[in-house]
Structures are given as structure tokens and as C-alpha cells.
Amino acid sequence: MKKEKIAFITGASDGVGKAISMNFAKNGFSIYLMSRSKQKLKKLKKEIIRNYSNNRVELIPFNMEKKFSDNLLNFCKKKLGPPNILINNSGGPEPTNFSSTNDRMWEKTINRNLLSVIKLSTIFSKQMIKNKWGRMITISSTVAKEPSPTMVQSATSRAAVLAFNKSISFDLAKFNITNNSILLGGIETNRLKKLIKINSTKIKISEKKLRKNILKNIPAGRFGEPDEVASLVEFLISDNGRYINGQSIIIDGAMSKII
Ligand SMILES: NC(=O)c1ccc[n+]([C@@H]2O[C@H](COP(=O)([O-])OP(=O)(O)OC[C@H]3O[C@@H](n4cnc5c(N)ncnc54)[C@H](OP(=O)(O)O)[C@@H]3O)[C@@H](O)[C@H]2O)c1
């Protein structure tokens, strides 16, 4: 594929989304970066320009708990062009169990983690179909396949996204559009640190001890790096990854028991 790569990345300002964005910028892609904080996005853009002299970067501060506008495609057409790579990332839901999850939390999570994927895929696939090339990747979680009682919002929304992505891959494959999901477990980011902090308070042990306990359950003996996820994304969007479609790929140091 020789044509210009234009990527749209949600949850771009931190963690895995940031690693993917930096890697795309390094490879000379034009990129749309979406997350809530304008300040964090501006900081990332500066970092991208400083490191890679790539200023084909458009910032879209937006809270994905709200509904997306249908004008997004027109907006992109006027800026860097319509994206041919979509990375659905975004923030994860807070950890709650069934009885402590209220309607408002469900609504936010379904908007941010499920409806956003449906909407962005709908908006951007149209141009990908016309151009007969596209790549869509959702950054998900192993809880989509291995639900846990305290991650009920994440497990529910993400399992639905897997079904959506698999379903649409049947329709889109003939247009050279691939759609895959990457299921994360134990990637060292601010979210992981935050979850360790919350759980250590809940179960009344130190963060250090909890980290050690978690690591005992990761056969690799370490947490993963955001850059390792970015490398997998790079392969999936490359020409060499063109026959991998409709898949859920786990990256978790052999932590989960899923086959
Ligand atoms: N790290 C792991 O081990 C792990 C494991 C399983 C699943 N995951 C999932 O993988 C995804 C990425 O994880 P991460 O660890 O990189 O998370 P992270 O470090 O918390 O980064 C999340 C990114 O999403 C943005 N974001 C959060 N809420 C948003 C919202 N409502 N609207 C728009 N942007 C929003 C944040 O920026 P702003 O603050 O600027 O909005 C940030 O850029 C998440 O969905 C997470 O649940 C991660």
C-alpha cells in the first residue's frame, strides 16, 4: 500500500494510545489524536514535532462518554483527509461489581467503550470502502473473554465490541479492510498504576505487595510495555498483516487462561 497513511487514534494522550501515536508519527503518518484533555494532547503534539519533525497532527479534545457528531468525516476531509486507519482505544471503565454499578456508569461505559467503536467504524469505513483499503483495530482487554466480577462494565462492553468487530469483518474483508482486536493484560501504564492503587486500598495491602502478588500470576514475570502493543499494531496495519482479519489477539505475558 503506497498511499498516505492517515490514522485516527482515540485515547491517544497517554499509555498504550500514546505509544501507538508516537510510533505512527515516527513512521510519518498523518494523525488525528483524540482524548479529553486538550493540555495533554498539546503536550503530545509538541513531543511528536520535537522527536520526529512531523506536524501532520490534528488534535480533537473530546469526551467519548458523549455522542459523536456525524460531522466528524467532513471535519477530517477538511483537515488531514479521511482516515484509513482507525485505532479504537479510549479509557477503561472504573472497576465495579454488579451491585455497585449504577445506570449512569453503564451509560458512560456503553458510550465510551461500545457505541464509540460502532460510530467511528460506521463513519470512517465508508471512505475505506471507496478506497478499497483500511485497517481498524480495537484496543480491548482480556476480561472480554475472561470476565471478572469486579470488572463487570469492562467485560460487558468489551465482549459486545468483539462480537461487533467480528461481525463487520465478514462484510469488509472484500474491500481489503481488516478489523482486529488486541486484548491487553498487565501493560504498565497510568491506568494499571491507578487500578493497583484502588485495589491496594480496598484489600488493605501496600501497592508494592500487591504488585508483587500480581507479578506472581504473570508467567512472563513482568508487566508489558506500551511499545510492545504499538509494535503489534504496526504489524497488523502493515501489508504483511493483511490476511489477519476478524481476530482477537491477546498480549498478556501468558497471564490469562484463555485459549
Ligand atoms: N494497561 C493495561 O494493562 C490494560 C489492560 C486491559 C485493558 N486495558 C484497556 O486498554 C485501553 C488503554 O489502556 P491504558 O492502560 O493505556 O489507559 P490509560 O493509561 O488510562 O490511557 C487512557 C487514555 O484514554 C483517554 N481517555 C480516558 N477517558 C476518556 C474519555 N472518556 N474520552 C476520551 N478519551 C479518554 C486518556 O486521556 P484523557 O485523560 O486526556 O482523556 C488517555 O489518553 C483502556 O481501554 C484500558 O481499559 C488496559
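**Exercise 1. Decide how far helix α1 is enclosed by the rest of the structure, and check its length.**

*Solution.* Start with the count: 10 of the 12 residues of α1 are buried, so the helix is largely enclosed by the rest of the structure. Keep in mind, as you work through these exercises, that the model is predicted.

Next, put names to the buried positions. They are Gly 15, Val 16, Gly 17, Ala 19, Ile 20, Ser 21, Met 22, Asn 23, Phe 24 and Ala 25. Each of them has a relative accessible area under 20%, because that is the cut-off for buried.

Now the length. The end C-alpha atoms of α1 are 17 Å apart, which agrees with the 16 Å that its 12 residues should span at 1.5 Å a residue. Finally, look just past the helix: α1 is followed by Gly 28, with a positive phi near 80°.

**Exercise 2. Place Ser 35 in its strand and relate it to Gly 17.**

*Solution.* Ser 35 belongs to strand β2, residues 30-35. With a relative accessibility of 7%, Ser 35 counts as buried. Then turn to Gly 17, a buried residue of α1. Along the chain, Ser 35 and Gly 17 are 18 residues apart, and their C-alpha atoms are separated by 9.5 Å.

**Exercise 3. Describe the surroundings of the ligand.**

*Solution.* Begin with the shell: 30 residues surround the ligand, and the closest are Arg 36, Lys 40, Arg 158, Ile 187 and Thr 189. Sorted by character, the shell holds 8 nonpolar, 15 polar and 7 charged residues.

Then go through the polar contacts to oxygen atoms of the ligand. Arg 36 places a polar side-chain atom 2.7 Å from one ligand oxygen atom. For Lys 40, a polar side-chain atom lies 2.8 Å from an oxygen atom of the ligand. Gly 186 takes part through its backbone, with a polar atom 3.3 Å from a ligand oxygen atom.

How much of the ligand does the protein bury? Taken alone, the ligand exposes 890 Å², and the protein buries 92% of that. As a last step, ask which elements give two or more residues to the shell. These are α1 (15-26), β5 (134-141) and α6 (190-203).

**Exercise 4. Find the two faces of helix α2.**

*Solution.* Helix α2 covers residues 38-52. From its first C-alpha to its last, this 15-residue helix reaches 21 Å, close to the 21 Å expected at 1.5 Å a residue. Inside it, Leu 41, Leu 44 and Ile 48 are buried. Viewed down the axis of α2, the buried residues fall within an arc of 60°, so they line one face of the helix. The face turned away from this buried side carries the exposed residues Gln 39, Lys 43, Lys 46 and Arg 50.

**Exercise 5. Work out what the side chain of Gln 153 contacts.**

*Solution.* Locate Gln 153 first: this residue is found in helix α5, residues 152-172. Its relative accessible area is 1%, which makes Gln 153 buried. Now follow the side chain. One contact, at 3.3 Å, goes to the backbone oxygen of Glu 94. Another polar contact, of 2.6 Å, joins the side chain of Gln 153 to that of Thr 109.

**Exercise 6. Examine the positive phi values of Asn 176 and Lys 204.**

*Solution.* Recall that most residues other than glycine have a negative phi. Asn 176 has a positive phi near 60°, and Lys 204 has a positive phi near 55°. Asn 176 sits in the loop between α5 and β6, and at 47% relative accessibility it counts as partly exposed. Lys 204 sits in the loop between α6 and α7; with a relative accessible area of 75%, Lys 204 is exposed.

Terms used
Residues numbered from 1 in each chain as written. Predicted model: local features only at pLDDT ≥ 70, side-chain atom pairs only at ≥ 80, totals over all residues. Heavy atoms only, no water. Near = heavy atom within 4 Å. Polar contact = N/O pair within 3.5 Å; in protein donor to acceptor, adjacent residues only side chain to side chain. Areas by Shrake-Rupley, 256 points an atom, 1.4 Å probe, with all protein chains shown as cover. Helix = DSSP H or I, 4+ residues; strand = E, 2+ residues; numbered from the N terminus. Nonpolar A, V, L, I, M, F, W, Y, C, P; charged D, E, K, R; others polar. Expected span 1.5 Å × (residues − 1). Buried < 20%, exposed > 50% of the residue type's maximum accessible area, 1.4 Å probe, protein only. Arc of directions from axis to C-beta.
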